[in-house]
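Colleague: I am new to this structure and would love a close look at one part of it. Could you pick a strand, walk me through its surroundings, and then show me how the rest fits around that picture?

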Amino acid sequence: MNHFFIQLYKLIIQSTFYIFLVIFTILCETYLFLNRNAWLGLGLVLATSIVCGIYRHKTKRGGRAFLGLVILSVLATFISLPKEKLVPATYEGAKETSQIKVAEGKLTGVYNRDESVEVYAGIPYAKAPVGDLRWKEPQDSDKYEGLLKADHFKPMAMQKRQNNLISTASDILFYHNVTRTIKNRYLPKMSEDCLYLNVWKPAGNKKNLPVVFYIHGGSLTTGQSWWQDYNGESYAKKDVIFVTFSYRLGALGFYADENLARESANNTTGMYGFLDQVKALEWVNKNIKSFGGDPNKITIAGESAGSSSVNAMCVSPLTKGLFRYAISESSSITGKKPPHSYKDFADAIKQGKTLRDELGVSSPVDLRKVPSEKIANTSTQYGTLNAMTNDGYALKKSPYESYLAGEHNEKALLTGYNKKDGDLFMLVDKKTNKDTYKESIKAIYPRAYREIIKAYPANTDEEAENNQRKIYNAATFGYGHDVWSRLAVKKEPVYRYYFTKENKSIGSNHTGELPYAYGNLWTAPYLYDGTDRSLSNTMVSYWLNFVKTGDPNGGGLPKWEPYTSGKVVEFGSEVGMIEDPNEGLYRIFDTGL
């Protein structure tokens, strides 16, 4: 009997080791996968686990096996940490294009896989805004020394780098996109030296093609020029030149300081990132013929903060005559008091002081000595130093005042937002219920809350929560587009949309329309079905028609009526004109928020 218990004890001890070995291996592999370590690290951890298991089985020395397992796994983790790298324009080893000549010199790009599209990535459009050029207007790029190989996207603008575990969790749990995590086992390079643009063009010798000049979003604090949802390949295959670019972000792009204004020949401050955008647009006007584009057929487009930037370009005196049409998705700064992306100049100057206080400096000379990484990671810039302003140079007045006076540059406008644009931003807010609903609405909308509650009463907790979400979406995203449309339509055709399509990814949340409108469902096809692909084809056709003619209609598409009052086209399971579901809220908001 004693022998039996001894054997049982040995079996339990031995089994415990192997159970621990399996659990430890799974946990290590999961961490390495989520942290985007190189695949080598995952392989080494697995190999280490197998070797340690064999060693324990042969020697019965569990302690040594355990110690070896921990040491070698930690070593494998460190040697396989994701490295910084430049992202290839198409794929590593892609075939090189023939030479193209621009104002600064000659360059080559690379083909996509089927050689139907040429991509020219990482073209400098201005000097690096470093050293004495930090917080100054962008300067003309230097001439190239030799041949520029434009085969990789250049570093994204300096910004607070997102934790890899959070980024991966977002990809998997929110976007449901495992492909990005599997492919992107690296950290994209980041630098203050970021003023580069990218051009997608159809292969071969084409001329006088329309051009889309796309401005990326990211709250003016994050983002990059090469995100797959607005990859330009699909448009280039349909004979449209597609341009993306990086611009200064956060405090490095939108910090306002009266001392810096006095330094400036144009007496400007607080709009460095926007001036980068203008500089990139000027470069495109000057050079796009070399790629087959027509500088007289440029459409500016953007989503989120990129859409706010489009809005600013539409009223900036600096961009007059540099583009023809405008596409804005999910953000506007044309309201009397925009909820984001814009601040009055006096407020911008006042908030600029928060950066100096946090860094403990007082002069531009001292500020320029602070490492860009430190500035990008300051806490004060988020929610404060990420807004454009009426500096008197890039913007003479607020967008609302400009549109009210009929002073804007676009000849036609395509604009809209998504049903759940604001849902993600509400995740950190305290949820309301039927008992707290009134006070919650009053705190956010003190002037309009009585009319809002009257129109949208809440008798249950669920009704209170749904109403709050609907009101927030309408106020934060929809209303700006409504004001913009009503003012712009006095001078030009306006086309309004409302995106409601749900899918296996993020559906009608913020950025959800991007892969549909720019033809990039193919990057993660398992997230979409036939109805999604059909909707994408329809939206791409509308967008391309608009880019070419200023009118999205044609080619047998459902009629998209120009905006008059309250009518929008819905992009959902079906496509057709509907009454804007938030029209009633907009009229309440007119009385003041």
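**A strand and its surroundings**

Modeller: Happy to, and let us warm up with one residue before we reach the strand. Setting aside neighbours within four places in sequence, Leu32 touches Asn37, Gly41, Leu42, Val45, Thr77, Ser80 and Arg185. Please keep in mind that this is a predicted model. Leu32 belongs to helix α1, which covers residues 2-34. Is Leu32 buried or exposed? Its relative accessible area is 1%, and under 20% counts as buried, so Leu32 is buried. Pro82 lies 50 residues from Leu32 along the chain, and 9.5 Å separates the C-alpha atoms of the two.

Now for the strand I would pick, β12. Strand β12 takes in residues 196-202, and seven of its seven residues are buried, so the rest of the structure largely encloses it. The side chains can be sorted by direction: Tyr196, Asn198, Trp200 and Pro202 point one way, while Leu197, Val199 and Lys201 point the other way. Residues in both groups are buried.

Which strands pair with β12? One is β6, residues 117-124, which pairs with β12 in the antiparallel sense over six bridges. Within that pairing, Val119 of β6 has Trp200 as its bridge partner in β12. Another is β14, residues 241-245, which also runs antiparallel to β12 and is joined to β12 by four bridges. Here Leu197 stands opposite Phe245 of β14.

Stepping back, we can place β12 in its sheet. This is an open sheet of eleven strands with mixed pairing, and its order is β5-β6-β12-β14-β13-β15-β16-β19-β20-β21-β22. At the edges stand β5 (110-111) and β22 (575-579); each has a single partner strand, so one side of each lacks a neighbour in the sheet. Elsewhere in the order, β19 (residues 413-418) and β20 (residues 494-499) pair in the parallel sense over six bridges. In that pair, Tyr417 stands opposite Tyr498 in β20.

Helices pack on this sheet too. Helix α9, residues 272-287, touches β6, β12, β13 (209-215), β14 and β15 (293-303). The direction of α9 makes about 165° with that of β13. Helix α10, residues 305-315, packs on the sheet as well, touching β13, β15 and β16 (325-329). The direction of α10 makes about 130° with that of β15.

There is also an open sheet of three strands, in the order β3-β4-β7 and again with mixed pairing. Its edges are β3 (100-102) and β7 (148-149), each with a single partner strand, so one side of each has no neighbour in the sheet. Three bridges join β3 to β4 (residues 105-108), and the two run antiparallel. Val102 finds its bridge partner in β4 at Gly105.

Finally, a word on empty space. Rolling a probe the size of a water molecule over the atoms shows where such space is left. How many cavities of 30 Å³ or more does a search of the whole structure find? The search finds five, and the largest has a volume of about 100 Å³. Of the 15 residues lining that largest cavity, Tyr175, Asp229, Ser505, Pro515 and Tyr528 are the closest to its centre. By class, the lining has six nonpolar, seven polar and two charged residues.

How values were computed:
Residues numbered from 1 in each chain as written. Predicted model: local features only at pLDDT ≥ 70, side-chain atom pairs only at ≥ 80, totals over all residues. Heavy atoms only, no water. Buried < 20%, exposed > 50% of the residue type's maximum accessible area, 1.4 Å probe, protein only. Pairing = 2+ DSSP bridges. 1 Å grid on protein atoms, 1.4 Å probe; cavity = no way out; pocket = protein on both sides within 12 Å on 5 of 7 lines; lining within 4 Å. Points joined across faces, edges and corners; volume = space filled by probe spheres on them. Nonpolar A, V, L, I, M, F, W, Y, C, P; charged D, E, K, R; others polar. Contact = heavy atoms within 4.5 Å. Axes fitted to C-alpha atoms, helices over the stretch in contact; angles between N-to-C directions.
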